[in-house]
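This report concerns salt bridges and nonpolar packing in a single model. The charged pairs are treated first, and the core follows.

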Amino acid sequence: MSNNSNTSGTSRSIIIIGVLFFIFGFVTWLNSVLIPYLKTANDLNNFQSFFVAFASYISYFVMAIPSAKVLEKTGFKKGMSLGLVVMAVGALIFIPAAASRTYALFLTGLFVQGTGLALLQSAANPYITVLGPIESAAKRISIMGICNKVAGSLAPLTLGAILLKNMDQVEARLSQLTGAAREAELDLLSSRVEMPYIVMAIVLVGLAVLIYFSSLPEIETDKEDETLAAANKDKTSVLQFPNLLLGALAMFLYVGVEVIAGDTVITYAKDGQGIATEVAKNFTSYTLVAMIVGYLIGTVTIPKFISQAKALQISAILGIVLGLAAIFSDGFVSVVCISMLGLANAVVFPAIWPLALDGLGRFTKIASSFLIMAIAGGAIVPLAYGSLADSIGLQQAYWVVIPCYLYILFFAVKGHKIR
């Protein structure tokens with residue numbers, strides 16, 4: 001009876017965390033639509049437009065350790081509710097940003113939303129990692145990834161249908177207008193974002209209330225068995241765990257290439273390969289569907305058929321192959337190769353977490369903050385892509401992903417074993 005009760009409680013917890021991962025995915029992958037949308041609405045170049053990703057992801061670096069401190073005070077459940085409320089505030093900032101067509105205010109809203117996401121991620125990722133055996137952590141995180149990417153695949157379709165509707169015609173009109181007429185057209189385009197973000201704020205507050213009154217239990221992430229306690233007896237700092245530090249760098253580079261695969265593909269298809277916006281706006285969804293397929297493969301194969309480390313090795317090699325294929329092919333094939341990076345990326349995040357946190361014991365919470373900070377790779381690496389895109393072209397800029405996957409391969413083969 002006790003085992004059945006524990007299993008039921010664990011299942012409920014997994015469902016609740018799955019809902020949160022759905023929210024992560026929906027909000028995060030809206031950027032793939034916001035980048036081309038704000039590029040037009042605010043007259044931006046490629047480099048400037050990728051500050052959308054920068055504002056979203058740099059908040060993880062800034063707020064990860066403060067988030068850990070908040071969670072120490074509030075516990076996981078209240079911390080998650082607070083994170084959702086903060087995200088709602090960020091969504092509401094889009095209303096004055098759209099009314100004034102102020103890019104800096106849009107970025108502020110994205111940073112505030114990212115702050116809420118950092119708090120949620122700081123709670124949810126270690127929670128799901130320790131909610132069962134460490135050997136199957138990648139499988140549980142893969143299930144969370146499915147929730148995340150199902151939402152992510154829906155986000156650009158739903159918001160894209162609103163924000164990018166008839167965008168080719170809008171851009172054609174803008175090219176012919178000047179002065180007050182052009183400003184009026186841009187104001188009309190900017191106003192498209194207001195209602196979706198009002199609805200988002202309402203939904204986020206509602207979810208915050210539901211999580212606060214849910215049955216989600218608190219768990220102990222710092223527990224050590226006797227063997228682990230003895231091994232960590234002389235450890236005084238999280239910096240004494242090389243597998244964590246090397247894993248944090250792998251996470252930094254991975255999130256960078258994941259964001260590039262999802263957030264650049266619409267612009268690349270439209271501006272780099274001449275594909276119509278009505279078709280191009282769907283490619284981010286294809287990227288995320290590929291990730292869902294990868295997650296499903298991960299849930300079936302890890303750890304029954306392959307280890308977490310082996311899955312990470314295969315993913316890195318596939319990323320290198322697809323990246324090179326995108327660079328050396330053209331047209332629809334090249335764009336599809338970028339979308340297929342979703343398949344290569346799928347189990348990287350789930351595999352890095354347990355490999356980087358293995359053996360951390362009482363250092364798990366602060367170590368998790370390091371991995372959350374590393375999500376800032378989604379801010380820096382896409383900016384590097386944007387800068388290269390302006391100088392050498394959208395397609396050749398994808399060279400930036402190759403060294404990232406090479407390092408992930410190193411971590412999978414050797415880095416995670418260094419203790």
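Aspartate 271 forms a salt bridge (a side-chain nitrogen of Lys or Arg within 4 Å of a carboxyl oxygen of Asp or Glu) with lysine 39, and the closest N and O atoms are 3.2 Å apart. Because aspartate 271 belongs to helix α12 (residues 265-272) and lysine 39 to helix α2 (residues 31-41), the pair ties together parts that are 232 residues apart in sequence. Helices here are DSSP runs of H or I with at least four residues, numbered from the N terminus. Aspartate 271 is partly exposed, with a relative accessible area of 39%, whereas lysine 39 counts as buried at 18%. Buried denotes under 20% relative accessible area, exposed over 50%, and partly exposed the range in between, for a 1.4 Å probe and protein chains only.

The model is predicted: local features need pLDDT of at least 70, side-chain atom pairs count only at pLDDT 80 or more, and totals for chains, interfaces and linings use all residues. Residues are numbered from 1 along each chain as its sequence is written, and side-chain values use heavy atoms, with hydrogens and water left out.

A search of the whole structure finds eight salt bridges. Among them are the following pairs.

| Acidic residue | Basic residue | N to O separation |
|---|---|---|
| Aspartate 271 | Lysine 39 | 3.2 Å |
| Glutamate 171 | Lysine 270 | 3.3 Å |
| Glutamate 278 | Lysine 281 | 3.2 Å |

The side chains of glutamate 171 and lysine 270 meet in a salt bridge. This pair links distant parts of the chain, with glutamate 171 in helix α7 (residues 167-176) and lysine 270 in helix α12, 99 residues apart. Glutamate 171 is partly exposed at 25% relative accessibility, while lysine 270 is buried at 14%.

For the bridge between glutamate 278 and lysine 281, glutamate 278 is partly exposed at 40% and lysine 281 is buried at 13%. Through salt bridges that share partners, Lys39, Glu171, Lys270 and Asp271 are joined into one network.

The nonpolar packing is considered next. The largest nonpolar core (buried Ala, Val, Leu, Ile, Met, Phe, Trp, Tyr and Cys residues joined through side-chain atoms within 4.5 Å) has 138 residues, of which Ile17, Leu34, Leu84, Tyr254 and Tyr385 touch the most other members. Helix α4 (residues 51-100) gives the most to this core, with 17 residues. Leaving aside neighbours within four places in sequence, isoleucine 17 is in contact (heavy atoms within 4.5 Å) with Met80, Ala124, Tyr127, Ile128, Met144 and Leu216.

Conventions:
Helix = DSSP H or I, 4+ residues; strand = E, 2+ residues; numbered from the N terminus.
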